[in-house]
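The following exercises are to be worked with the structure in view. Each task is followed by a solution in steps.

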Amino acid sequence: MSTPSTAVARSAAARTRRAGLLRGAWGFGRTKLGVVLTGLVVLVAVAGPFVAPYTPTEFVAKPFETGVDGTVFGGDNRGRDVLTRFLWGGWTLLLLAGSAAGIGVVAGAVVGVVAGYQRGWLDDVVMRANDVLLAFPQLIAALLVMSVLGPKVWLIVAVIAVSHMPRVARVVREATRKVIEQDYVKAAEAIGLPRWRIMAVEILPNVTSPLLVELGLRLTYSIGVVAVLGFLGMGLQPPTADWGLMINENRQGMAVQPWAVALPVSAIAVLTIGVNLITDGLSRAAIGIDRGVGK
Amino acid sequence: MTRDKAKDTAGGDTVLAVDGLTVIGRPSDVEIISGVSVSVRRGEILGLVGESGSGKTTLGLSLLAHCKRATQISAGTVEVAGKDLASLSERGVRELRGRAVAYIPQSPASALNPALRLRTQLGEALHDASLSAADADARVREVLREVALPDDDAFLTRYPHQLSGGQQQRVAIAMAFVGRPDVIVLDEPTTGLDVTTQAHVLETIRRMTREYGTAGVYISHDMAVVADLADEVAVMYRGELVERGRTDAVLTSPEHDYTRRLLRAVPLLRTDGHGGGGEPEEEPLLRVSGLSAGYGRTRVLEGIDVSVSRGECVALLGESGSGKTTLSRSVAGLHHQFTGEVLFDGGPLAPSSYRRTAEQRRRVQYVFQNPYEALNPRKRVRDQILGPYRHLVGRPEDPDAVVAGALERAALSASYADRFPEQLSGGERQRVCIARAVATRPDLLVCDEITSALDVSVQAEIVRLLQNLQEDGMALLFVTHNIALVSNIAQRVAVLNRGRIVEYGPVGRVMSAPEHEYTRALIADTPDFRPALAETAD
């Protein structure tokens, strides 16, 4: 029962008060730490090629030689500069992992919302197909396809995205089913809004919380899978500078030249931890929002 | 009454004494309730009245020395049977809860653990180690008999979901009384119940407090129920106790302005009707004839004939499960499984809203029961209103004028347009829902229990709003379970019972001379609230 005067006074403050998922997540210390860690690795990967002292394929030292003049961390298994290859090797990983996670999440969201909203036979068919895809472990499926079709960049992205899709779809479908019980969806149906618009305007904005959490999670997995594929030789091929590939190439010389392995390993570790911390903050904020205590 | 109650000799027969109680929220330090003092005598019931957000539940919980998340008692004392709860340790309080103070929550469905059988549930509430298993079992059966529930093994092995709403609430009452408490706190225990069930539950509460000599604190926003039940009334407003006194004294000569407003907000059960009851013009706006609807094989509605004329309000009255929502959804095109004829302005309405013409969808609008679910939380009020308008009418030349106009018709200022639903109170949300519906200038507004989730005072405002809309020429199909509302808003009423219309006619006639016994029972079970104030009101 607010009188008009208090209502007007409140509305000014009200506009800024919108408690979003992102703002809620930012309130946690872990999210800030995660953003710092992730930002650090992304900075190395993106700015690295521009500040690298050599080109990634230039020979500057003997294989596994350390303490060479003009190099910080010495040479790798072929005598190329470790620092340069480290600075060059990140953006491919980030790009592949990012696009695989992005495509997977978008595809999963579309499939999940459509299956959850349309129900009936479409839901059954789509979700059973999902179950079939879910039966393949992510890495095994990727290795299988790579060994049959050969390691190609687009294939890496496609395989990882396809393996993400059913997992995301499952989560989004559950969230969608909760949302479509709400009366605002019925209100949109009562005025005859087209189905696709209901899905895009009424449902999708209300499942963003689980979707964002899912995006973080899928990004973490993508980083892992891309790095492992590189390590197993099924990812990017030499002489490309790539963190996963670097670990594989330099592991025999680890005792004499630890930097060539330690740098990419710690970068991947920091990145994974960082993304995980952000995801964790997001999911904590999402739980708070769902319970209504986020206000 | 085997238990020794020596403790209460000192304070006369006052069992509950609250003095200067203040509860603050953390970390803002805002006082949620400030300096509240009440006392209740043995065997009496104190009615605690106030709108949502006035702090009545917070006060009720603090009587158990329980605080909601991020709140704490900062001053004052709560004395139950001579013991100050606020000064006791957590362990000491736990000892007293359920024995000295018991609590009956608002929604029994969520208060009973769905995974526990009633025997376990009630036995847990007793939690008295001094009793043997046989004694405890006997006590549980005794209390079940007292709340008029079966006490056989078959009943005790049931799960909560196998009970009706009224039975669940009576189990909750039994759980509260099983430990023979000195004080019992009832937090709107009948809000979700039908009038008939409500009458039974209130009767049970009345009788149990008398028999046990328990002091009751009955929290409610509905003056009519409190007037019926309580010996004393305390009115809360914005965290403060603004008025307190014997029930009849408060009802006849309220001192505080807010109390007067509350009393005026209660819909009177019997009114003179609203003129016009005679047979309306030849072709009504909406004519439903021979409608039968169901879900799968279950028939919910059978042979329904209703009509609504232009500018008329027809009420659909029925209890939960009577099929009234199914009927209103069929009219709105949200429920497709029906047979029979629905004519709107001479033309048939297709079962699915997607098969109807845009013009038909524009002219029939629907307002939902629960305003907390009916607005998309991610859209501003402006977009909530413009969405249907763009879709049904077309792109407006001046969107701001459309939004402002719709908000004005719903008695909201244009400044609400930029808000998100979470920044609105329940009543404001429902107004936005109405604004969204009237933005397209419909001829028929279907209102599905639109005030049942709201306070009585807000309900009165919404009813006034609907009356204004009706005067502008809009026809209303008003679905409700509240018979008192019917006589305040509708011209004609159709009483639904188990999927059939048992009585249909002008409100004045149905209320004064009901023909069907179901209608008579409904009227008899509704608290008849007629404050003396009604005459003296300015």
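**Exercise 1.** In this predicted model, determine which residue follows α15(B) with a positive phi, and which residues of helix α15 of chain B are buried.

*Solution.* Step 1: α15(B) is followed by B:A411, and the phi of B:A411 is positive, near 60°. Step 2: helix α15 of chain B covers residues 399-409, and its buried residues are B:V403, B:A404, B:A406, B:L407 and B:R409. Step 3: these buried residues of α15(B) pack against three helices of chain B, namely α14 (381-392), α16 (426-438) and α17 (456-471).

**Exercise 2.** Establish whether B:M208 is buried, exposed or partly exposed, and describe its surroundings.

*Solution.* Step 1: B:M208 is located in helix α8 of chain B, residues 195-212. Step 2: within 10 Å there are 19 other C-beta atoms. Step 3: a buried residue requires 20 or more and an exposed one 12 or fewer; therefore B:M208 is partly exposed. Step 4: leaving aside residues up to four places away in sequence, B:M208 touches B:E146, B:I173 and B:F177. Step 5: between the C-alpha atoms of B:M208 and B:A358, which lie 150 residues apart along the chain, the separation is 57 Å.

**Exercise 3.** State how many residues each chain gives to the contact, and characterise the side of chain B.

*Solution.* Step 1: chain B gives 31 residues and chain A gives 24 residues. Step 2: on the side of chain B that touches chain A, α13 (358-363), α14 and α17 each supply at least two residues. Step 3: α14(B) provides the largest share, three residues. Step 4: by type, the residues of this side are 13 nonpolar, 10 polar and eight charged.

Definitions and conventions:
Residues numbered from 1 in each chain as written. Chains lettered and ligands numbered in written order. Predicted model: local features only at pLDDT ≥ 70, side-chain atom pairs only at ≥ 80, totals over all residues. Helix = DSSP H or I, 4+ residues; strand = E, 2+ residues; numbered from the N terminus. Contact = placed C-beta atoms within 7 Å. Nonpolar A, V, L, I, M, F, W, Y, C, P; charged D, E, K, R; others polar.
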